[in-house]
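Okay, thanks everyone, let me get the screen up. I'll talk you through a few spots and then zoom out, so have a look first.

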Amino acid sequence: MKTRRPSLTVQETCRSCQSPDLQDLIAFGETPIADRLVPIGFEDPQFVAPLTLTHCPSCALCQIRETVDPKVLFPPDYPYYSSVSPALVAHFRESAEDLIASGLARPGARIVEAASNDGYLLSVFKERGFEVLGIDPADGPASVAREKGIETIGDFFGLKIAKTLADEGRWADVFLANNVLAHVADTNDFVAGIGEILAPDGVAVIECPYLLDAVENCAFDTIYHQHLLFLSLTALVPLFSRHGLFLNDVIRVRAHGGSLRLFISKNPGQSDRLVRQLGVEAGLGVHDPAFYDRFLSRIKGLKTELTQLISSLKREGKRVVGYGAAAKATTLMYHFGLHGGDLEFIVDKSPWKHGMEMPGTACPIVPPEMLLRAMPDVVVVLAWNFAKEIIGENRAYLERGGRFVVPIPELRQVAGDYEGVSL
């Protein structure tokens, strides 16, 4: 594979508190850019960049050192469409209904969402008569949202856009940001934007993957160039406070292998459960780089287990494929040295990915119907956080004698009647 390096900067200070005392945890080396899918047979140079996980002992923020140009990370043809996953759509519909039922989204409220994607969440509020506004830089998903009648600004959210909207009197009574805070290079600019656009009595509801769940699940594959931050409550409280905002409550949810739903306002009032979870983090020592020792060791163990299993299957003449051309699959495949010779193809439900290859691996992406048509012996579930949904939708494959391998949190094999198997 011919490669080229995109424009990037290397972080010398913490993205939150600006401390210069960062301590590197693991360097993955030159790694393809996740979600930069290429057409099958693509021969031009592909983007690769160093990928280093580092930790700030001063504020406990875990982060990526390298900042790749956002236009490279999130191009106009960015292939992620949230509506492709029924489980994800159901999760966020439930969260929207909860906000309405709880009274946090009051009748007549204006709902503003950063990284609104294809409007999957705002459409729930629009159906209920709320005024909605989306902000998303990716042309494809934003166009789909507009087709649904959802006004969408085609740009990255930050202080500049927030000031423009605030000057127009378009305050956010409810500001939503799901799975985006961790992807923002200028973290303080994004949070300052929330402080600018949020109405005086408004609430920001932010969902993001939880550091503790990532460590517990050994979800190292969530380390990729777009995912710049690995968030704990310990790191989040001072980040919001710096911009006149108060993190007041938290709910732990199962989405994406374990996430936090944060509730932020301009008025203080920490809930008991937030205080308790901050205590848990303090007890685990999230400020200390030693907190990550077992996590780093488990990465090595998983690599050995999965690569030995696939090598054994290939020696037996078995056909092995993957399921889920997710961003996380790039890190797992490349760090574990898996490519088109190991996984014959990768199944994915997103039609925008069909006919493309995973970056750096020459592994083609095909539609779900190929699974029964080709009947491979084993399917490695790369999108392991959706394992239950994926396996449940492919019972026919199991009934014909197929087998699934779920590599994370620990290697599990699923065949025949999978009921009762922990997924």
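So, A142. Setting aside its neighbours within four places in sequence, A142 is in contact with N117, D136 and T152. You'll find A142 in helix 4, which runs over residues 139–147. Is A142 buried or exposed? It's buried, with a relative accessible area of 1%. And if you want a sense of distance, go from A142 to Y210: that's 68 residues along the chain, and 27 Å between the C-alpha atoms. I should say right away that this is a predicted model.

Next stop, T222. This one is in the loop between helix 7, residues 211–216, and strand 13. It's a loop residue, but T222 still counts as buried, at 11% relative accessibility. What does T222 touch, once we leave aside its neighbours within four places in sequence? H227, F230 and K328. N248, on the other hand, is 26 residues away from T222 in sequence and 27 Å away in space, C-alpha to C-alpha.

Keep that 26 in mind, and look at W171. W171 and I197 are also 26 residues apart in sequence, and their C-alpha atoms are 5.2 Å apart. W171 sits in the loop between helix 5 and strand 11, and W171 is partly exposed, with a relative accessible area of 35%. Beyond its neighbours within four places, W171 has contacts with R110, A166, E196, I197, L198 and A199.

That I197 brings us to helix 6, residues 187–197. How many of the eleven residues of helix 6 are buried? Nine, so we can call that helix mostly covered. The buried ones are T187, N188, F190, V191, A192, G193, I194, G195 and I197. As for what they pack against, the list has strand 8 (110–114), helix 5 (159–167), strand 11 (172–178), strand 12 (198–209), strand 13 (229–230) and helix 8 (233–241). So strand 13, which we met next to the T222 loop, shows up again as a packing partner here.

Now some backbone oddities. As a reminder, most residues other than glycine have a negative phi, and most peptide bonds are trans. Against that background, A60 has a positive phi of about 75 degrees, and it isn't a glycine. A60 is in the loop between strand 5 (46–55) and strand 6 (62–64), and it is buried, with a relative accessible area of 0%. Then there's A115, with a phi near 55 degrees, again positive in a residue other than glycine. A115 is in a loop too, between strand 8 and helix 3 (122–127), but A115 counts as partly exposed, at 24% relative accessibility.

And for the peptide bonds: which residues does a cis peptide bond join? I408 and P409, with omega at about 10 degrees. P409 is in the loop between strand 21 (403–406) and strand 22 (412–415).

Cysteines, since somebody always asks. A disulfide is a covalent bond between the sulfur atoms of two cysteines. How many disulfides does a search of the whole structure find? Zero. Why does C17 not have a bond to C56? The closest cysteine sulfur to that of C17 is the one in C56, and at 3.6 Å that's too far for a bond. C17 counts as partly exposed, at 28% relative accessibility, whereas C363 is buried at 0%.

Okay, zooming out. The protein has 14 helices and 22 strands. Its radius of gyration is 21 Å, close to the 22 Å that the globule rule gives for 423 residues, so the protein is as compact as a globular protein of that length. Along the principal axes, the C-alpha trace spans about 65 × 45 × 45 Å. Of the 423 residues, 57% count as buried. And if you take the contacts with a separation of 6 or more, 68% of them come from residues 24 or more positions apart.

Last bit, the surface and the charges. The protein exposes about 16,700 Å², with carbon and sulfur atoms supplying 51% of that. There are 41 positive and 52 negative charges, and their mean positions are 2 Å apart.

That's my tour. Happy to go back to any of these spots on the screen.

Note on methods. Residues are numbered from 1 along each chain as its sequence is written. This is a predicted model: local features need pLDDT of at least 70, side-chain atom pairs count only at pLDDT 80 or more; totals for chains, interfaces and linings use all residues. Side-chain values use heavy atoms; hydrogens and water are left out. Helices (H or I, at least four residues) and strands (E, at least two) are DSSP runs, numbered from the N terminus. The radius of gyration is taken over C-alpha atoms; the globule rule is 2.2 Å times the number of residues to the power 0.38. Buried means under 20% relative accessible area, exposed over 50%, partly exposed in between (1.4 Å probe, protein chains only). Contact means heavy atoms within 4.5 Å. Accessible areas come from the Shrake-Rupley method with a 1.4 Å probe; for residues, only the protein chains shown count as cover. Lys and Arg count as positive and Asp and Glu as negative; His and the chain ends are not counted. The place of a charge is taken as NZ of Lys, CZ of Arg, CG of Asp or CD of Glu. A disulfide is a pair of cysteine sulfur atoms within 2.5 Å.
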